[in-house]
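Dear colleague,

I am handing over the structure below, and I would be glad if you could look through it before reading on. My notes on what was found follow it.

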Amino acid sequence: MFELIGIPPQALFGQLLLGLINGSFYALLSLGLAVIFGMLNVINFAHGALYMLGAFVAWFLLQYLGLGYWWALVLSPVAVGAVGIVIEKTMLQRLYKLDHLYGLLFTFGLALILEGIFKHFYGVSGQSYTTPDLFKGGTNLGFMFLPYYRGWVVVLSIAVCAATWYAIEKTRLGSYLRAATENPRLVQSFGINVPVMITLTYGFGVALAGLAGVMAAPIYSVNPLMGSNLIIVVFAVVVIGGMGSIFGAVVSGYLLGLLEGLTKVFMPEAANIVVFVIMVVVLLLRPAGLFGRER
Amino acid sequence: MFKKALLAGVAASALITGTAMAEGLSGDKVVVGVLTDLSGVYADIAGKGSIAAAEMAVADYGGTVLGKPIEILSADHQNKPDIASTIAREWIDAQGADVIVDLVTSSVGLAVQGIGGEKGVVTINSGAATVRLTQKECTATGFHWIYDTYSLAHVTSPAVIAEGGDSWYIITADYAFGHSLEADAASVIAEKGATLVGTVRHPFPSADLSSYLLQAQASGAKVIGFANAGQDTINSVKQASEFGIVAGGQKLVALLAFLSDIHSIGLELGQGLNVTTGFYWNMDDETRAFAERFNEKVGRMPTMVQASVYSSTLHYLKAVEAAGTDDGATVAAKMKEMPVKDAVVHDGTIAANGRMIHDMYLMEVKKPEESTGEWDVYKLVRTVPGAEAFQDPKESGCALVE
């Protein structure tokens, strides 16, 4: 069958693996969005800009403090999370009572401001960030050459997604969080500080974006536009997965990465729109998304 | 409700807009419009630097022409032909623009040149690369300045083929510019007896090009050519190195790379790349002096597009002075009569189809140890005379050529 359309199976495996790698970024970003949407009911349009911020923090650390990739992997999400907490505490918090569009517009504006600032100071051609020494080079898998770093991205992304899913679905803290989204007043009456929990959730969600930014830095050049290029696709991923469904966001992230990978072989020109075509189909057939429930 | 809001967001994000910064002036003056990309992928190639270059040209000319003041308008076309067309019409109809320069992005360049032709306003493309501008779609008032896809292909490809690169795979950006460059490269490849093993077209812009690179790697071609630009080229070269393509013995050729791209790729990954350019700052005292002044103003060395905006604006002003009018058709005819001579282009002529013909340079990206500074990235391989680098106007198919 493969020969019929002129693609040898080996090339296909290679493309599937590449799709999985891109899917890792989609999954990490859509996970953060789903956590924030699920817990705060806020559509966080600043997610792409915070992903970009994560990559830039990594670059700053290397450039000005001489701290390499491993430091960045820890410090950058913390820094981005802290920025997120400040945003939530000082601004976003005031919008919960209003229509959701306010949250969307606020975060959208925030994204434009952040991007504008970085564009002004750093231009758009981007800064280069080298691959950590441990992951330099790669290995030949027979059907493709796999750079070690890309392998690491897949492993780390799966680990982080699984851990987050476990924390929210299976732990006591997670159960508080889920309860607080259903009925914040009731949970508060049990002596749990819901506002703090919400703040920390937002901080955690955007820290995931920061982490994805650090992971992306050695692959793509660190540039102010990197977030806005990605965020639209990631939103489509969240819609397909089902709004607020953590499992759905992660699974559809990987799945769409794979599908996009295949499109790049069979019909490269359509690679940018395939995700949106799928979004339309999914919304027609299952308006709540693949894993979402009507609310 | 939530879904509706989220979908609204998806739609809104497609409308991410930059700020148009058109200044509203018209009247008894020469109005130069710099229509460029101020917020997108080509903002470092052209962008603010192009506006600065036009300002330098106006200042160097003395700020007035025929005793009238010279005004500069600028706006962000966001690489979208529809937005660019709206701005161009606005400028011409309401603000009295006499010339529109820069026009980075080929689809934009073609659209605005068409409008200029229809309205008798001079358009000078510096940023757009497609050779179609001076072929069938040429206009009496349309000019194409520092480079085009034809010259890129006809300077770089023969040199690579002569060194034994006789089988090619081309990775192309899927829009007017990429198609044009791919077609020109393919014709050189065929002409020189090399084979084109395959091509793949990727959406513009694409952050991840690994999939296309892998297809190119699997093709077994000796040379992988990138018919893309800006961020796409940067990512192509970076990711090619990541996937061991260079280490595997395939040669990379960036059919179009600007100084800012090489600066961003870095010499470590970029070394050995062949690049064709119409301007490089470190050629002689004149280019160095110009580039230093530009660097003081902008904080970066000029790309060939920015240098070209300077040269073309200056030439336009000289022609207005010589023609004694700012009537588009008259000035355009005068521009074609006069030789192009300034700090950027030392010895250029303009053909009837609007093509400015001058020497092109085949460069090689230096090794890190050969470089003496941040912007010291190229060594000259060969100076290619204009007649060899650019398409013979007689073969262009432009109706203006006898």
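For the count of elements below, helices are DSSP runs of H or I with at least four residues, and strands are DSSP runs of E with at least two. Please keep in mind that this is a predicted model. Counted in that way, chain B holds 14 helices and 15 strands.

On the overall form, the C-alpha trace of chain B spans about 65 × 60 × 45 Å along its principal axes. A compact globule of 402 residues would have a radius of gyration near 21 Å, and chain B, with 21 Å, therefore agrees with that expectation. Of the 402 residues of chain B, 62% count as buried. Among the contacts in chain B with a separation of 6 or more, 71% come from residues 24 or more positions apart.

Turning to the interior, the search gave three cavities of 30 Å³ or more, and the largest cavity encloses about 80 Å³ of space. Its lining is made up of 14 residues, and those nearest the centre of the largest cavity are Tyr42(B), Gly127(B), Tyr147(B), Ala229(B) and Leu256(B). By residue class, the lining of the largest cavity comprises eleven nonpolar residues and three polar ones, with no charged residue.

Where does the largest cavity lie with respect to the domains of chain B? Domain 1 (28–147 + 284–354) and domain 2 (150–277 + 360–385) of chain B both contribute residues to the lining of the largest cavity, so the largest cavity lies between them.

With best regards

Definitions and conventions:
Residues are numbered from 1 along each chain as its sequence is written. Chains are lettered from A and ligands numbered from 1 in the order in which they are written. This is a predicted model: local features need pLDDT of at least 70, side-chain atom pairs count only at pLDDT 80 or more; totals for chains, interfaces and linings use all residues. Side-chain values use heavy atoms; hydrogens and water are left out. On a 1 Å grid over the protein atoms alone, a cavity is a set of points where a 1.4 Å probe fits but cannot get out, and a pocket is an open set with protein on both sides within 12 Å along at least five of seven lines; lining residues have an atom within 4 Å of a point. Grid points are joined across faces, edges and corners, and a volume is the space filled by probe spheres set on the points. Ala, Val, Leu, Ile, Met, Phe, Trp, Tyr, Cys and Pro count as nonpolar, Asp, Glu, Lys and Arg as charged, and the others, Gly among them, as polar. Domain bounds come from an automatic or database domain assignment. The radius of gyration is taken over C-alpha atoms; the globule rule is 2.2 Å times the number of residues to the power 0.38. Buried means under 20% relative accessible area, exposed over 50%, partly exposed in between (1.4 Å probe, protein chains only). Contact means heavy atoms within 4.5 Å.
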